[in-house]
Amino acid sequence: METLLSPSTLFTPLRGSRRSALAATATVSPRPAVVSCALKKPQAGVAAAPSSHGDPGAVGRSWVSFLHHGLAAAALSLAISLAPAPAPAAASEFDVLNDGPPVDSYVVDDAGVLSRVTKSDVKRLARDLEARKNIRLNFITVRKLTSKADAFEYADQVLEKWYPTIEEGSNKGIIVLVTSQKEGAVTGGPAFIQAVGEQILDATVSENLPVLATDEKYNEAIFSTARRLAAAIDGLPDTGGPSFKENKRESNFKTKEETEEKRGQFTLVVGGLLVIAFVVPMAQYYAYVSKK
């Protein structure tokens, strides 16, 4: 009887195809008593599956294993949620350079921070200015610079790339706002610089663009700069610009020491969670085993 229903015969259909499994099932006649006998008397070397029913030790080990996996999953989930966000994609200032000046919009919002209303207002102002004074303003927003050290170098690079000759770029103005660095720059050809004046150029770079960008008021930073430059070109009185509030300015920037401190706190939290998830359950398990 044991020869007919040996483990190799019973488990052969599981390793074969479905057809062989059906053939094996049809060959072996169903005998409840024989099956019961085969299950009760396994051959030597085949260990019976352990049962946790009525075994306090197995129940304890199961509870410890459950706690261990649960705490590990919780620690991993919390570590992922607290992890710093992945670094953003490479800055697209190269696309701005290669695409050339906007044909009709006067605005290249690569950073995606300007509203439709602001774009429309800037376009209307710049188009009217170009029609009356033959001075063209181009406004650019980018998130981050990787090719140049600051906004001024990038603005000069855009001017040279878009308008390679002096004749082409003489009456062109380039206004750049870098949102991550909270800074801006204004540059242009000789006719533009003469029409605006050095004083207004310095004022827009030190007041309108950086002050409002620090408060993340990018729409106001661009439009107020456009109005101030247009007023200067039209020979109107200076509209003025905002000024830094020292307490506001200091709260917007983190020092290197503050950044390192935050990073150390994050590492400590993650390390503590990993200790709780792996060390504590193992200690509880060994304590339980030692009591038996």
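**Salt bridges around Arg 132 and Arg 228**

In this predicted model, the side chains of Arg 132 and Asp 128 come together in a salt bridge, with N and O 2.8 Å apart. Both residues sit in helix α6, which spans residues 116-133, and because they are 4 residues apart there, about one helical turn separates them. Neither end of the pair is tucked away: Arg 132 is partly exposed at 45% relative accessible area, and Asp 128 is partly exposed too, at 40%.

Arg 132 also forms a salt bridge with Asp 234, and here the closest N and O atoms are 3.0 Å apart. This contact links distant parts of the chain, since Arg 132 belongs to helix α6 while Asp 234 lies in the loop between α11 (218-233) and α12 (246-251), 102 residues apart. Asp 234 has a relative accessibility of 25%, so it counts as partly exposed. Put together, Asp 128, Arg 132 and Asp 234 make up a network of salt bridges.

The loop between α11 and α12 turns up again with Asp 238, whose partner Arg 228 is in helix α11, so this pair ties together parts that are 10 residues apart in sequence. Their side chains meet in a salt bridge, N to O, at 2.8 Å. The two partners sit in contrasting surroundings: Asp 238 is partly exposed, at 43% relative accessibility, whereas Arg 228 is buried, with a relative accessible area of 4%. That value falls under the 20% cut-off, which is why Arg 228 gets the label "buried".

As for the overall tally, searching the whole structure turns up 8 salt bridges, including the ones between Arg 132 and Asp 128 and between Asp 238 and Arg 228.

Notes:
Residues are numbered from 1 along each chain as its sequence is written. This is a predicted model: local features need pLDDT of at least 70, side-chain atom pairs count only at pLDDT 80 or more; totals for chains, interfaces and linings use all residues. Side-chain values use heavy atoms; hydrogens and water are left out. A salt bridge is a side-chain nitrogen of Lys or Arg within 4 Å of a carboxyl oxygen of Asp or Glu. Helices (H or I, at least four residues) and strands (E, at least two) are DSSP runs, numbered from the N terminus. Buried means under 20% relative accessible area, exposed over 50%, partly exposed in between (1.4 Å probe, protein chains only).
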